[in-house]
Every structure is written in C-alpha cells, then in structure tokens.
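Biologist: Could you put the model up and take me through how the chains meet? I may jump to another topic after that.
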There are 2 protein chains.
Amino acid sequence: MSALFSITAPDDKLKDFLWAFIQGVELAGKFGKLLNPQLALRGWHTTGMIGTLAAAAAVGVYKKVTVKQMCSLLSLAATQTSGLEIQAGSDGKPFNAGMAARDAVSAYVLVENGFKANEDPFSNTRGWFKTIAGIDFSAQEMCKLWLHPAEISQPGLWFKQHPFCSAAMSGYDAAKILYQRGIRTKDCQTVNVHFPSGGDHALRYRLPMTGKEGKFSIEYIIWQVFRSGDVSDELFECPKVSKNFVKWQPCVSHKNDLETSDSAARPTKLTVKLKSGNFESVQVSFPEGSPKCPLSRKKLLEQLHLQVMVSGPEWINFCSKFTNPKWMVSELKQQLGK
Amino acid sequence: MSALFSITAPDDKLKDFLWAFIQGVELAGKFGKLLNPQLALRGWHTTGMIGTLAAAAAVGVYKKVTVKQMCSLLSLAATQTSGLEIQAGSDGKPFNAGMAARDAVSAYVLVENGFKANEDPFSNTRGWFKTIAGIDFSAQEMCKLWLHPAEISQPGLWFKQHPFCSAAMSGYDAAKILYQRGIRTKDCQTVNVHFPSGGDHALRYRLPMTGKEGKFSIEYIIWQVFRSGDVSDELFECPKVSKNFVKWQPCVSHKNDLETSDSAARPTKLTVKLKSGNFESVQVSFPEGSPKCPLSRKKLLEQLHLQVMVSGPEWINFCSKFTNPKWMVSELKQQLGK
C-alpha cells in the first residue's frame, strides 16, 4: 500500500488504487501457497521475498503498464527480492517490508524510463521459483486460479489488533480467556504452550531482552496478559523488558504436539499448572482477526482510526472519502499528511 | 568501488579507500569459495548476492565503524542480498551490480543513523549462508584464513579487456589464435566449443538477438573474431545482431567434455572443422587478464585510461594522484567528474 501511495498521481482514482491492491494481495496469496511454509522455515522473510513481487504487480496494475512492461517490472522486482527472517525482533524486520516497497517502486521507475529486464522471470530454467525454492512454476495453472476465488475474500485478510507476530494471535486469545477465568502470573507453576509442528518458528525469542524482540515471544505476550488482562503496545517498544518478566519466564515451555487437519487453523493451546496443583487449559484455533473470526466492522474502524491519527470531524470526513471509490487518492494522501 | 566513492567525505584518504577495497575483495573471494559454483548454478547472480556484503564490508572498513555497527551493517546488507542470473543479457544484469552498491550504502546510512539489525547474520540457525545455500559457516575458520593469503594477490583479480562475460575469455583467446592461423567465418564447416562441465552456464545465449545478449554468447564472440580478428565493443550494444551472424551461428556446438584438475584454470577448447575437410584446434586454460596470465601494466593503464576518459595532460595528472596514497579520494572524484 505504501508503494501505491508513493506513486500516486494527482488524478489517480481510489477505485483503481483498491483494484491494484486486490491484485497485489492475489499474487501474495497465490505465491505464498506455492512457497510457504518451506520458504519461511528455510530462513526467508516472506514479506521481503513475495511482498516485493506483490507490490510490483500492484504498482503495474495501478499504473496500467503494458504487458511487456509488466514482464520487465516483475522481473526487476524478482531480481531484488530478499529479506532474512532472523531480522524479526530488530529494526531489520520492518526494514525488510519497507525495502519490498522501495524495490517495487525502483523497478517501476526504471521500467517507466525504458529499462528492460529478462521477460520470463518465472521460467523453470533458473527463474525465480527455481532459484529461491527449487520448485517449478506453471503460469497456466496460476491463471486458472487467479481471482477464482480471490485471495482477499477467501481465505481473506488477517488483521492484527496489536503489533506482535501473527503466530502469537491464538496464544494471546487463549491467555485472555485464562485471565478471565482468574489466572494471574503469580498463580502459575508451569505454562505449556502447545503448537503444531513448526507453528512457533516465528516466535523465536523465548527470553526477549527488548520490547521489539518481545513481539516475537509468546512468553512475553502471555506474561503481559496474565499480569493485567491485555498487552500494552508501548511494552513492545521499550528498550528493556521488565525484571518481573525475566523472573517469571522460566515457567513457560513450548510443545509442538498439536495436530491440525484444517489448513486455515492456527491452533495454540495453553495448559497452566497452578501453584494450587490444579490445571487450566484452553485451545484457540481461529484467533480474533483471522479470516474465520474476523474483527467486527466497528473494531476495524477503530484500528483504522488509530492508524490515521486524525481528530473527530476529520475522521468522519476521512471515512466518507475512503468509502467513496470516486475520490482521488491524492485527496486521501493530503488528509493523511495533515 | 562505486559504493566507496559514493560515501567519500572531503578528507578521506586514498590509502584508506584502497585498504577498504582490499577488504571487500577479501570477503567476496572468501565467501565466493564457500558458495560457488553452486550458488550461480542454482540461478543466483553472485555479484548481487555476495557483492552486497563485500561492498558493505568495504564501506564499514572505509568509514571505520565500530564492531557493533559492523554487525548491523553486514546484517542489513545480508537481508538485502539478491539478484537473479537470468538477467544476464538484459539491463537487469548491470542493475544487479548497481543494486549491490545501493543496498550496501543504504545499510551504512541506516546504521550511521542508529538503526540496529540482528547482530549474528551468519548464524547457523537460519542465518544468511543457511538460508541462501543451506550450508554452515564458521567465522573462526574464516578469521584464520582472512588475508592469509589475501584474495587480491592470490588468486588475484581478473581484468576484462572487453565487456563480455568472463566465462568467454578463454574461448576468445583461442579464437584469436585460430584467426592468426588464417581461420575465417567463411571457412568453417563446424565449430565445437569444449568446456568443463558447467563451464558455459553463464554463456546462456546460443543465438543472441541483441548485442547485450551477445555478451553472454561464445558464438557471437567467436563469430566477431573469425570475421575481423577481434571483437568490437560497439557490437555488444547494438539493438539487433547482424544477419550474417544469425546465418553463421548454426555451425557452432557446445561440448562439456573437458576435464580440469587446476581450480584456477578456465579451459576452453575450440575445434574447427574447415570446409576443406581439415581440422584446427586450440585450447586456452588461463586467458589473458586472468590471474595466471595477467595483463601487462601498460595494458592495464590503457584500460584505465579508456574508463577515465580524460585527455593527455589530465591523464598524467590523474595517474600521479592514483599512485600516491596520500592523496584525497575527493580530489580524484573531482578529476573523474570533469
């Protein structure tokens, strides 16, 4: 979306912007199905890899480039895809995402200026899929499935309520349920967090030292919830985690013993052994914000309002623009820039 | 080198510039030994991949960053390494190289401004080597070999005399020898070009359509030499190859039947069957410009003069600066910018 905003011309319509976004999501979803989870398990950051191509495709659709230009655009994007998953927890992770947008925009600017690149970037002779993952790609198969159904409606988008890794969303919901049942940090003897095999690979910080690392730590998230009922977004930005957390953290263990047959499910189960000797256990498979348990329209708008950061009357004005596809993107940008 | 020039401050010394360059070459050579030829055979463009890290290392040494900063700098470079080999023959190939410099400079600018990234980018738990090539990396082993011997002196650098792929250099020399023996395009019935296994993977255009593609075509290079005794650099920039070449090209075949036990050798053998029924054959293993057959100092200076593009008196002035390590890099830059 930042790539699309950055190349918006004064007369670009919101309708075209949203259509381009849908096409970018389509590419990301379809390519992701082909490549993940192997790509991520190998160490690549999917956003930096697939995101570059998704952003480039969206940009090409938005700016209505020719088919020949689209080939060069995707090719120049493909040759720039990069991003390591180890950056999770450092400034490098948002950088990977920003760099995907930067590289898509660079590719577009070059193609607009007559740059030509290899026009078959997904060829099975050392093309992108072959090089990054060793797999074959069939454009024909992809075309058959393109927008049938559209990825943006099925499975649909995930929405985060807090700035932590989406792999922790089910565990977060489970922790909130346990808090409702009265469980507090001081009551815990052990906390077992159960995932399917590989389900916690992105949650790589067992004992995070900074708030940023804590975004990728189920321990840090559960601790916050058991302490006060919810997470505080500021705690993911603090330079050093609390000593109380460091003291509490050893009671948590991961287990990779959950089975799941539903590919849309992201199950996490918490089993707490209380100091009293009792056990409490909750499993969540479709967390709030996931396509199967979407946020309410009200909550979505609240999230958007938080992001947009405008006052009451301007917010109403913004909403009316955002839901009127005849509006110009440049007008929205102006509003956002205030 | 372009990365180093781009971040040169007014008081940076040529001596520091050259020392940084040596360290960058060191990283490129040492990492290349660990990763190639597999990395290139898989489809990656080594310059875009390893070059980004080499440029970042050179920049860090040049700007005397702290050890902690160097870790973040290499980490931000590692997370940006990319580049597909299929771009050979299109604008995408020089772009991969330019992008390596761009990404190294971006990483440096961010680190200078306090950006922090994962400080163990070469970790064997999904670090760079593991992710891109599935191999382990030992920093300790690397340290033992660092500058012992220095890659810049052993094996040393390759210098190109013409802007075609270095994989064609032995075949080019062999063709010139055959031309000296009187062989011309019109005399050839068949031309067999023999390589070791994989030795021609970069020479991917059997029948190039443009001069740029011709940079990666042993056929196009041999044809030029058999036609007029040498290649013309302009012919690698023309939008369409000559019809005469297209007519002649079918007489050339590749064979991957050479064996080599010397890792420094890049053997290519040409066997020409003449229309007269006679055979002529030449093998070159260490082409002119390779470390084992270096260009003379005179030729090197001629090449530099061609690149620098200054007139006689300025050239002498330039040479005296370039060989005086006390000079400022900024003065050289000024000279080059004229």
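Modeller: A polar contact here is a pair of N or O atoms within 3.5 Å, where, within protein, one must be able to donate a hydrogen and the other to accept it, and residues adjacent in sequence count only if both atoms are side-chain atoms. This is a predicted model, in which local features need pLDDT of at least 70 and side-chain atom pairs count only at pLDDT 80 or more, while totals for chains, interfaces and linings use all residues. Residues are numbered from 1 along each chain as its sequence is written, and side-chain values use heavy atoms, with hydrogens and water left out.

Biologist: How many residue pairs are in polar contact across the interface of chain B and chain A?
Modeller: The rule finds 31 such pairs, both residues being at pLDDT 80 or more. On the side of chain B that touches chain A, H6(B) gives the most, with eight residues.

Biologist: And how many salt bridges?
Modeller: Four are found across that interface, a salt bridge being a side-chain nitrogen of Lys or Arg within 4 Å of a carboxyl oxygen of Asp or Glu. B:Arg126 forms one with A:Glu85, with 3.5 Å between the closest N and O atoms.

Biologist: New topic: is A:Ser217 buried or exposed?
Modeller: A:Ser217 is buried, at a relative accessible area of 0%, where buried means under 20%, exposed over 50% and partly exposed in between (1.4 Å probe, protein chains only).

Biologist: Which backbone atoms lie by its side chain?
Modeller: A polar atom of the A:Ser217 side chain lies 2.9 Å from the backbone oxygen of A:Tyr205, and one lies 3.1 Å from the backbone nitrogen of A:Tyr220.

Definitions and conventions: Chains lettered and ligands numbered in written order. Helix = DSSP H or I, 4+ residues; strand = E, 2+ residues; numbered from the N terminus.
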